[in-house]
Amino acid sequence: MKAEDLRSKTPDQLRDELVSLKKEAFNLRFQKATNQLDNTARVRKIRRDAARVSTILNEKAREAAAN
């Protein structure tokens with residue numbers, strides 16, 4: 001997921017994306033706990049994508065407050 005792609009989305013779309021990423025992270029944590037997780041690198045990627053989406057949301061909120 002690239003920041004350029006995220007910046008072109010609306011805040012509502014970004015919130016939806018963040019919710020889906022958090023749900024996926026939750027499911028991956030359960031898979032890890034039950035030793036069913038095959039790709040352990042996926043956890044890190046999802047966590048970073050969620051942080052990226054959150055950062056873009058904060059940037060957009062700061063822009064809206066400044067205007």
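Is Asn35 buried or exposed? At 72% relative accessibility, Asn35 counts as exposed. The close-ups below come from a predicted model, and this residue is a friendly place to start.

**View 1. Asn35 sits in the loop between H2 and H3.** Look at the backbone here: Asn35 is not a glycine, yet its phi is positive, at about 55°. Its relative accessibility of 72% puts Asn35 over the 50% needed to be called exposed. From this loop, you can follow the chain into the helix pair shown in the next view.

**View 2. Helices H2 and H3 run roughly antiparallel to each other.** H2 covers residues 11-33 and H3 covers residues 41-66. Their axes come within 9 Å and cross at roughly 155°. Angles over 145 degrees count as roughly antiparallel, and therefore H2 and H3 get that description. The crossing of H2 past H3 is left-handed.

**View 3. A contact surface joins H2 to H3.** On the H2 side, the residues that take part are Pro11, Leu14, Arg15, Glu17, Leu18, Leu21, Glu24, Ala25 and Leu28. They meet Arg42, Val43, Ile46, Asp49, Ala50, Val53, Ile56, Leu57 and Lys60 of H3. Sorted by class, this contact of H2 with H3 has twelve nonpolar and six charged residues, with no polar ones. The next two views pick out individual H3 residues from this list.

**View 4. Ile46 of helix H3 is a buried residue.** Its relative accessibility is 2%, so Ile46 counts as buried. Setting aside neighbours within four places in sequence, you will find Ile46 in contact with Leu21, Glu24, Ala25 and Leu28. For a sense of scale, try Leu6 as a reference point: Ile46 and Leu6 are 40 residues apart along the chain, and their C-alpha atoms are separated by 15 Å.

**View 5. Leu57, also in helix H3, meets several residues of H2.** With a relative accessible area of 14%, Leu57 is buried. Beyond its neighbours within four places in sequence, Leu57 touches Pro11, Leu14, Arg15 and Leu18. Asp12 makes a handy distance marker: Leu57 and Asp12 are 45 residues apart in sequence, while their C-alpha atoms are 9.4 Å apart in space.

**View 6. Glu24 and Arg42 form a salt bridge between two helices.** Side chains of opposite charge can pair when their charged atoms come close. In this pair, the closest N and O atoms are 2.5 Å apart. Glu24 belongs to helix H2 and Arg42 to helix H3, so the salt bridge links parts of the chain 18 residues apart. Glu24 is partly exposed at 26% relative accessibility, and Arg42 is partly exposed too, with a relative accessible area of 29%.

**View 7. Arg7 reaches Glu59 in another salt bridge.** The structure holds six salt bridges, and the one between Arg7 and Glu59 has its closest N and O atoms 3.3 Å apart. It links distant parts of the chain: Arg7 is in helix H1 (residues 3-7), Glu59 is in helix H3, and their positions lie 52 residues apart in the numbering. Both ends count as partly exposed, Arg7 at 43% relative accessibility and Glu59 at 26%.

**View 8. Lys45 and Asp49 pair within helix H3.** Their side chains meet in a salt bridge, with 3.2 Å from N to O. The two residues are four apart in the helix, about one turn. Lys45 counts as partly exposed at 40% relative accessibility, whereas Asp49 counts as buried at 5%. There is a third member to look for: salt bridges that share partners join Lys45, Asp49 and Arg52 into one network.

**View 9. Asp49 is a buried charged residue in helix H3.** Why does Asp49 count as buried? Its relative accessibility is 5%, and the cut-off for buried is under 20%. Not counting residues up to four places away in sequence, Asp49 touches Met1 and Leu21. Leu21 is a member of the H2 side of the helix contact, just as Asp49 is of the H3 side.

Terms used:
Residues are numbered from 1 along each chain as its sequence is written. This is a predicted model: local features need pLDDT of at least 70, side-chain atom pairs count only at pLDDT 80 or more; totals for chains, interfaces and linings use all residues. Side-chain values use heavy atoms; hydrogens and water are left out. Axes are lines fitted to C-alpha atoms, for helices over the stretch in contact, and angles run from 0 to 180 degrees between N-to-C directions. Angles under 35 degrees count as roughly parallel, over 145 as roughly antiparallel, 65 to 115 as roughly perpendicular and the rest as oblique. A crossing is left-handed if the near helix is turned anticlockwise from the far one by less than a right angle, and right-handed if clockwise. Contact means heavy atoms within 4.5 Å. A salt bridge is a side-chain nitrogen of Lys or Arg within 4 Å of a carboxyl oxygen of Asp or Glu. Buried means under 20% relative accessible area, exposed over 50%, partly exposed in between (1.4 Å probe, protein chains only).
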